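Me: I am new to this structure. Please pick one part that is mostly hidden from the outside, look at it closely, and then show how the rest is arranged around the main sheet.

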Amino acid sequence: MRRIRKFGEEILRKKSSPVDNIDGKIHELIKSMKETLLYVKGVGLSAPQVGVLKRIFIFYDKEKEILGTIINPEIVEEISSYVDLEGCLSFPEIYFTIERPKITVIKGLNEDGKEIIIEGKELLSRCFQHEIDHLNGILIIDYAGEEEKRYYQDKIDKLIKNSKK
Ligand SMILES: [Zn+2]
């Protein structure tokens, strides 16, 4: 299990580096990320959220009931768009309205270093976009309107305050 970093912690704003060697340490990291995601019952989790600035994320595909891993992900295609509320494990109890592509196709490496291409629809598309944002230091609050930010101001202030402890 790993501690999930919360909004206000500086690491979430840093850009992650590509993985050039999928070694035992990376496998260990992925294993602990999976355990953490299962425990919190989330949809996706990126390495920077557990304190490691590497371009890795994991996701739970509800339809196929599998936990997937993608290393060095890149967006290949984006189709159409839709708007929905979006949460983040680094922003507990906060949801912002965000427009995302309806379909996102990504490519990257799996845990064995094999190149894979995955298509995500709706929630999974949103997850892919969200997690790749994390690898670039972009967070859901960056998409939020002023009104929504004001609505959650107390929760946001509390997160920032806790991060300074
Ligand atoms: Zn997130």
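Reply: The part chosen is helix α2, whose buried residues are Leu124, Ser125, Arg126, Cys127, Phe128, Gln129, His130, Glu131, Ile132, His134 and Leu135. Here a residue is buried if 20 or more other C-beta atoms, placed from the backbone, lie within 10 Å of its own, exposed if 12 or fewer do, and partly exposed in between. The model is predicted: local features need pLDDT of at least 70 and side-chain atom pairs count only at pLDDT 80 or more, while totals for chains, interfaces and linings use all residues. Residues are numbered from 1 along each chain as its sequence is written.

With eleven of its 13 residues buried, α2 is mostly covered. In the protein, buried residues make up 32% of the 165 residues. From its first C-alpha to its last, α2 reaches 19 Å, close to the 18 Å expected; the expected span is 1.5 Å times one less than the number of residues. Glycine 137 follows α2 and has a positive phi, near 75°.

The protein has four helices and seven strands, taken as DSSP runs numbered from the N terminus (helices H or I, at least four residues; strands E, at least two). Along the sequence their pattern is α-β-β-β-β-β-β-β-α-α-α. The C-alpha trace spans about 45 × 40 × 25 Å along its principal axes.

α2 (123-135) also takes part in the largest nonpolar core: α1 (24-40), β2, β3 and α2 each supply at least two of its residues. Such a core is a set of buried Ala, Val, Leu, Ile, Met, Phe, Trp, Tyr and Cys residues joined through C-beta atoms within 7 Å. This core has 21 residues, of which Met33, Phe57, Ile58 and Phe59 touch the most other members. Phenylalanine 57 touches Glu131 and His134, and its other partners include Leu45, Ile70 and Pro73, leaving out residues up to four places away in sequence. Touching means contact, with C-beta atoms placed from the backbone within 7 Å. Another core, apart from this one, has nine residues, among them Phe7, Cys88, Phe96 and Ile98.

Now the sheet. Five strands form an open, antiparallel sheet in the order β1-β2-β3-β6-β7, where two strands pair if DSSP finds at least two bridges between them. β1 (44-46) and β7 (115-121) are at the edges with a single partner strand each, so one side of each has no neighbour in the sheet. On average, neighbouring strands are turned by 40° against each other, direction ignored. The direction of α1, which packs on the sheet and touches β1, β2 and β3, makes about 40° with that of β2. Axes are lines fitted to C-alpha atoms, for helices over the stretch in contact, and angles run from 0 to 180 degrees between N-to-C directions.

Within the sheet, β2 (residues 56-61) and β3 (residues 66-79) are antiparallel over six bridges, and tyrosine 60 stands opposite leucine 67 in β3. Four residues lie between these strands in their hairpin, where glutamate 65 takes a positive phi near 50°. β3 is also joined to β6 (residues 103-109) by six bridges, again running antiparallel; there glutamate 78 stands opposite threonine 104. Threonine 104 has a bridge partner in β7 too, glycine 120. β6 and β7 are antiparallel over seven bridges.

Technical notes
Two residues are in contact if their C-beta atoms, placed from the backbone, lie within 7 Å.
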